[in-house]
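Got the viewer open? Let's walk through a few stops, with something to select at each.

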Amino acid sequence: MTVTLTRRTDINLDSFLRVAWMKEDVRIDPAALAQIERCRASFLQLIDNDPTVVIYGVTTAMGELASMRLAREERDRHARIKAFAAATSFGEPFPDRVVRGFVLARLANFLEGHAATTPRIALAVAEMLDGRPMPVVPSSGQGGAGEILALYPLFAQLSAGFDLEVKERGSLINGSPCAAALVADAALAARRRTVLIEQVFALSIEAFRAPLEHYDRALETLWGDEHEAATLASLRRYLDGATSERRNYQAPVSYRIVPRVLGHARRALANAEQAAAVSLRSASDNPVYVPPDADHPLGRCISTGGYHNAMAAPALDDLAAIWADICLLCDRHASKLLNGRASQLPDLLMVGRHPSDSDGHGSLGYVPMATTGYLEQAKLAAQRTFIPGTESAGSSQDDIAAPAFLAWTKEHQAGRCLDACLATLAVVASQALHVTGRQAPPALGDLLSAVRAIVRPVEEDRVLGPELHALAELFTKRAFTA
């Protein structure tokens with residue numbers, strides 16, 4: 001399959017899923033190439049006909065030398081400088097899907113001519129998505145004022161194949177395509193993770209036999225929030241066909257607030273999707289070329305802060321924070337299920353056994369300890385990402401760093417911790433159903449089967465760590481499977 005791009009709006013979460021995650025290739029529509037060509041021609045007329053025009057990196061030098069004006073004969077020589085060897089980022093690389101996302105998001109600057117570059121560069125960027133191996137882009141050490149430490153190694157090989165012309169080098173390394181791709185990647189995973197979260201908590205609600213009134217339809221109107229209403233409806237779908245033999249008094253707080261906490265997960269997801277949708281189609285180049293209009297027949301080129309995406313990091317932080325909160329809910333649910341006085345389940349069957357017991361069931365009593373460890377790791381990862389300051393090599397230009405790289409790493413780690421906590425809660429809920437001889441509601445049957453295929457019900461004591469790890473890995477795989 002091929003994704004055809006004509007305008008910036010064609011780069012969205014759907015095309016991101018297809019290109020970055022499903023590895024479809026990209027074709028630039030001929031109409032878009034014609035627009036790129038027209039803008040390139042107007043841009044060249046602009047810089048050739050107006051000797052006073054000041055355009056960063058085109059009629060001036062770059063970085064600390066931005067105040068230096070370039071003579072016309074110096075521009076081409078300056079454009080051919082390949083400074084990619086100066087890139088200094090290193091460490092653990094980004095996953096292939098993320099790097100493909102960087103490349104796709106890079107095309108937003110080209111499609112409507114805002115990069116003011118030649119069609120050949122846009123075509124070369126698109127061709128990087130034809131299935132060839134992606135360049136290695138380190139995920140650590142990304143402390144630049146923009147995204148050049150990631151974009152330098154991403155496009156180093158491409159640039160080596162051309163004698164670069166004016167504006168072409170900057171069109172590859174300026175802007176914020178990485179932030180756009182990072183928040184889009186997290187949003188797609190959060191969509192899938194949110195489904196799993198609601199399923200696991202519905203399984204816990206059934207295992208605990210919490211009163212279904214806690215999830216009543218009437219609450220949707222009383223609370224008045226679309227995301228909490230959607231969560232209530234989802235929980236009721238999963239609990240359709242649940243046992244009618246339930247506790248006749250209210251469940252603990254951790255069970256009653258499930259719709260509100262998970263509703264906020266949907267809210268954080270919606271914010272991340274919105275940030276991704278806007279960022280993916282954004283023309284974020286610096287300087288950015290504005291095509292000709294009635295007032296500017298040759299167009300104009302303006303310096304901007306487009307390379308600093310201010311919405312991506314807060315959206316990623318919100319996801320990380322709700323993942324940490326849900327880890328705490330996992331811990332509380334598992335602890336309540338294991339405590340017979342709270343759950344009204346056979347206490348010794350769940351918490352542990354006296355040496356003289358011969359009930360034929362093993363212990364899950366230590367499982368919450370692992371949950372506590374992952375909870376604390378998630379809380380540590382979920383700390384707020386503030387805008388980093390930087391003073392790159394004493395530069396008077398680069399005094400603020402881009403925060404999205406840091407925020408994505410923390411959200412990714414918090415999500416993995418949540419997958420582990422969900423795995424432990426799913427196993428405890430599975431055991432609760434097992435020891436009481438109950439089945440899961442029909443909509444949760446597949447989830448319970450998947451859990452038990454990896455962690456079978458505990459009939460006697462055994463080492464559960466490897467099995468829990470395998471289940472957590474399955475949950476993570478589900479989050480990142482297209």
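Two strands pair if DSSP finds at least two bridges between them. Before selecting anything, note that this is a predicted model, where local features need pLDDT of at least 70, side-chain atom pairs count only at pLDDT 80 or more, and totals for chains, interfaces and linings use all residues. Residues are numbered from 1 along each chain as its sequence is written, and side-chain values use heavy atoms, with hydrogens and water left out.

Start with strand β1, residues 2–5 (strands are DSSP E runs of at least two residues, helices H or I runs of at least four, numbered from the N terminus). V3 and L5 point to one face and are buried (under 20% relative accessible area, 1.4 Å probe, protein chains only), while T2 and T4 point to the other and are not.

Now add strand β2, residues 25–28: it runs parallel to β1, joined by four bridges. Look across from T4 and you'll find R27.

Next, select helix α9 (residues 177–208) along with α1 (residues 13–21): they pack at about 95°, axes 11 Å apart. The axes are lines fitted to C-alpha atoms over the stretch in contact, and angles run from 0 to 180 degrees between N-to-C directions. That angle therefore makes α1 and α9 roughly perpendicular (65 to 115 degrees). Show side chains for the contact (heavy atoms within 4.5 Å): L13, F16, L17 and W21 of α1 are there, and α9 brings residues including A181, L188 and R192.

Last stop: A420, in helix α18 (residues 404–435). A420 counts as buried because its relative accessibility is 7%. Leaving out residues up to four places away in sequence, A420 touches Y374 and A472.

Note on methods. Angles under 35 degrees count as roughly parallel, over 145 as roughly antiparallel, 65 to 115 as roughly perpendicular and the rest as oblique. Buried means under 20% relative accessible area, exposed over 50%, partly exposed in between (1.4 Å probe, protein chains only).
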